[in-house]
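Subject: Structure handover

Hello,

Here is the structure I promised to pass on. Please open it first, then read the notes below.

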Protein chains: 2
Amino acid sequence: MESWLPGSSGPAEAGPRLRGLRGADLAASACLLSGAGAEAGCSAPAVAAVLPAGGSGERMGVPTPKQFCPILERPLISYTLQALERVSWIKDIVVAVTGENMEAMKCIIQRYQHKGISLVESGVTRHRSIFNGLKALVEDQPNRRLSKPEVVIIHDAVRPFVEEDVLLKVVTAAKEHGAAGAIRPLVSTVISPSADGCLDHSLERVRHRASEMPQAFLFDVIYEAYQQCSDYDLEFGTECLHLALKYCHIKAKLIEGSPDLWKVTYKRDLYAAESIIKERISQQICVVMDTKEDEEHVGHRLEEMLKNELNHVKVTSGRDLQQIILEECYNFVCVNVMTSDFEETQKLLNMLEESNLSILYPVVVISVQFLDYESVPFGQKMENLMRIREFAKEVKKTNILLYGLLVYYPQDERKLQESLRQGATIIAALIKERNSGLIGQLLVA
Amino acid sequence: MESWLPGSSGPAEAGPRLRGLRGADLAASACLLSGAGAEAGCSAPAVAAVLPAGGSGERMGVPTPKQFCPILERPLISYTLQALERVSWIKDIVVAVTGENMEAMKCIIQRYQHKGISLVESGVTRHRSIFNGLKALVEDQPNRRLSKPEVVIIHDAVRPFVEEDVLLKVVTAAKEHGAAGAIRPLVSTVISPSADGCLDHSLERVRHRASEMPQAFLFDVIYEAYQQCSDYDLEFGTECLHLALKYCHIKAKLIEGSPDLWKVTYKRDLYAAESIIKERISQQICVVMDTKEDEEHVGHRLEEMLKNELNHVKVTSGRDLQQIILEECYNFVCVNVMTSDFEETQKLLNMLEESNLSILYPVVVISVQFLDYESVPFGQKMENLMRIREFAKEVKKTNILLYGLLVYYPQDERKLQESLRQGATIIAALIKERNSGLIGQLLVA
């Protein structure tokens, strides 16, 4: 069973990861996943995912359904799709959305370049939406690109941080047991109220778990359960594991999941998700500079200072920029000393714009200049640098957040240290917050 | 029962509220709360609260216990204490902390000027900590200032957003029923696993609730329950309602609580709490300026722009600053036109420092200057204004975050509109983020 474990794949969460690996990996894993693969020339797809996304988000207390609420200006559901499509062995992803949101969903798929997504119309309840998604996978229409998978994952559009690890575990367990689902310890005691609104009894916390997503099923099991289940189930139920048990007598295997599997339910969860995403994309800073040799160069000293002050962040030198962009670094500090004002920054911005790196996350670029009081008057230097506001406005259109940083360069060594430290603090603050209201500003250290 | 409802009190959440109202209000409410109050000259205190805070925070994945994790540089538990001590009719608050954290807790109480707090040593489990807190209230030592309350609230140190409304409801219900607790709908289905890690059965979601805090009890009920309960209960139980039922046959009244009652459990909850607090203290901006008469004054136009652009935020004019400070506004835009550079800002900063407003939350002050290209060269103006860095460093010591904003003042009406709009955007960004890494910066609109 473990043989089709895609060895080199890491977590599939909506954090920075390599994209563009689907093709070859998918074919290889699909062969391994499908029992018939080797013999049948690897034609059978093995794993698909169904994502019910027809909810209205009434608990959130906001008019937009929660799966479409923006996080760093991108809808939540796009992060979830990203997490699933990065898993090379998931071939198809079927999303069930309301007719009303169908066009919006198509725009999201196009804008964020999601691949392998099919849309179906959602039902009025969660179970009906899932059933519609399953039907789309099984219906044998000649011109459809979908075909019936061996295992189907069911996940929520509002759980963006699902990792490949847990997906693999539930799929593996589903192949063995017929059904599997992620669980978590209970945070609160669960109680049962009596009819008059008083406590009837408390449940023992250690004997119960919260049932979370993802879940996975042998396709035939869950499809049969949905075909057999009552209207009452379809209207009022929410739990797929329960259907598999009730109608197919399959006892699902339970898999301990990580806290990150939690469901974005309330407004506070959106805040939490945004902070988590910001934190994840702020873990690496690339320092690009216009000199490569001189280790005494003040740019190198700034790089050293960043390494010391931000010791939880990986600071890399931008010697192989293309590679660093491929590795999905979202933070660049561009040091301009030898060249005039913005030459190096311009080169970097052009490269970033060509790379499409900023499609998924806002990329921060901080253009650093040094000010030696003795050679250029402060006021004049500032005036030259105010052009950054125009650049910033321009690159904001492609989701690049450009800020300027002017670092004093006094002769006094102690003061220079202080300037550099202050510079590192400002750089960390800008990267951490990604505040688009402050783009084009010229900060001074 | 409703007669002791403190009419003028609003929610008790850890948001901006009037402080310093405890004395007289407390006495009045205590009289009403205590049945014997009127006859006995109002000597009997009625309601106390016990806060177990001995937890290690292992679920958080951080070394600091979660109740001591900082949010805007202030420990989480201080927000919870603030929420409770603002309720005039809660007389005593007993906090159970480990011996190890006793000194740190004392420092927190002193630094954030909490009132009416008593500390006891926590036990090794939650139940033992609560029991210690109850004992402290009942033990009749001559030189202790605590005395036995009629009703005791039990709350968690890590639920900072508790409101007076729900506290009142649980206390009222406890007086009537003997016990009461807040509940919430379940977010996930609860399941029961079998011994082999498979699904045994799912619980019907609509028939169950999550038991949250606060809870309240007639003191004699919960104290008796703790005196009678077994070592097993004290070691492995967590739920007070259950003890009241098991040992005193009291069926607690269940009260629907708001989503804000959630327990800060994981790191993401700290992020969420920080965002909620930032949002709450950013709802009001006070504009202070050095002219009062001229409605065409560019400061007034900026104020109008702020009202239009930030229509979710209350923008007030700082005509009665003392009153606005008393009402706990945490954001000030100080417009300096008539007076030289920082005169008006200095006056405001002095007033804020005297007010102690920034003890609980960081106060943002944005010092706005206008630049008319024709009268003063840009560079020179900038150099004058760089002094703001020194002021900012100084007032940071008292938790005031000072930023500068230079607004272009072109003759062209359309361009002036644009500058003012940009200024409003920057002001909103600074207030929303409260980023201490950017203090002393001079931003340009």
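Start at Pro214(B), which sits in strand S10 of chain B. The peptide bond between Met213(B) and Pro214(B) is cis, with omega at about 10 degrees. Now turn to chain A. There, Met213(A) and Pro214(A) are joined by a cis peptide bond, with omega at about 5 degrees. Pro214(A) belongs to strand S10 of chain A. Keep in mind throughout that this is a predicted model.

**Backbone points in chain B**

Two more residues deserve a look. Glu73(B) is not a glycine, yet its phi is positive, at about 70 degrees. You will find Glu73(B) in the loop between strand S2 (70-71) and strand S3 (74-75) of chain B. Gln113(B) also has a positive phi, near 55 degrees, and is a residue other than glycine. The loop that holds Gln113(B) runs between helix H3 (102-111) and strand S5 (117-121) of chain B.

**Where the chains meet: H9 on H9**

Next, go to helix H9 (residues 267-280) in chain A and helix H9 (residues 267-280) in chain B. Their axes come within 8 Å and cross at roughly 110 degrees. Angles of 65 to 115 degrees count as roughly perpendicular, so H9(A) is roughly perpendicular to H9(B). The crossing is right-handed. From H9(A), the contact uses Lys267(A), Arg268(A), Tyr271(A), Ala272(A), Ser275(A), Ile276(A) and Glu279(A). From H9(B), it uses Lys267(B), Arg268(B), Tyr271(B), Ala272(B), Ser275(B), Ile276(B) and Glu279(B). By class, the residues of this contact are six nonpolar, two polar and six charged.

**Cavities**

How many cavities of 30 Å³ or more are there? The count is two.

The largest has a volume of about 650 Å³. Its lining takes in 33 residues. Nearest its centre are Val187(A), Arg268(A), Val187(B), Ser188(B) and Arg268(B). Several elements give two or more residues to this lining: in chain A, strand S7 (179-185), strand S10 (209-218) and H9. In chain B they are strand S7 (179-185), strand S10 (209-218) and H9. So some names come back here. Arg268(A) and Arg268(B) are among the residues of the H9 contact. Strand S10 of chain A holds Pro214(A), and strand S10 of chain B holds Pro214(B). The lining of the largest cavity divides into 18 nonpolar, five polar and ten charged residues.

The second largest cavity has a volume of about 70 Å³. Chain A lines it with Tyr403(A), Ala429(A), Leu430(A), Glu433(A), Arg434(A), Asn435(A) and Leu438(A). Chain B lines it with Ala429(B), Leu430(B), Glu433(B), Asn435(B) and Leu438(B). Helix H15 (413-433) of chain A and helix H15 (413-433) of chain B each give two or more residues to this lining. Its classes are seven nonpolar, two polar and three charged.

**Helix pairs within one chain**

Two helices are described by the angle and the distance between their axes. Two pairs follow, with H6 in each.

In chain B, take helix H4 (residues 126-138) and helix H6 (residues 219-228). Their axes come within 10 Å and cross at roughly 125 degrees. H4(B) and H6(B) are therefore oblique to each other. The crossing is left-handed. H4(B) brings His127(B), Ile130(B), Phe131(B), Leu134(B), Lys135(B), Leu137(B) and Val138(B) to the contact. H6(B) brings Phe219(B), Ile222(B), Tyr223(B), Tyr226(B) and Gln227(B). The classes here are nine nonpolar, two polar and one charged.

In chain A, take helix H6 (residues 219-228) and helix H8 (residues 240-248). Their axes come within 9 Å and cross at roughly 80 degrees. That makes H6(A) roughly perpendicular to H8(A). Val221(A), Ile222(A), Glu224(A), Ala225(A), Tyr226(A) and Gln228(A) make the contact from H6(A). Cys240(A), Leu243(A), Ala244(A), Tyr247(A) and Cys248(A) make it from H8(A). This contact has nine nonpolar residues, one polar and one charged.

Best wishes

Conventions. Residues are numbered from 1 along each chain as its sequence is written. Chains are lettered from A and ligands numbered from 1 in the order in which they are written. This is a predicted model: local features need pLDDT of at least 70, side-chain atom pairs count only at pLDDT 80 or more; totals for chains, interfaces and linings use all residues. Side-chain values use heavy atoms; hydrogens and water are left out. Axes are lines fitted to C-alpha atoms, for helices over the stretch in contact, and angles run from 0 to 180 degrees between N-to-C directions. Helices (H or I, at least four residues) and strands (E, at least two) are DSSP runs, numbered from the N terminus. Angles under 35 degrees count as roughly parallel, over 145 as roughly antiparallel, 65 to 115 as roughly perpendicular and the rest as oblique. A crossing is left-handed if the near helix is turned anticlockwise from the far one by less than a right angle, and right-handed if clockwise. Contact means heavy atoms within 4.5 Å. Ala, Val, Leu, Ile, Met, Phe, Trp, Tyr, Cys and Pro count as nonpolar, Asp, Glu, Lys and Arg as charged, and the others, Gly among them, as polar. On a 1 Å grid over the protein atoms alone, a cavity is a set of points where a 1.4 Å probe fits but cannot get out, and a pocket is an open set with protein on both sides within 12 Å along at least five of seven lines; lining residues have an atom within 4 Å of a point. Grid points are joined across faces, edges and corners, and a volume is the space filled by probe spheres set on the points.
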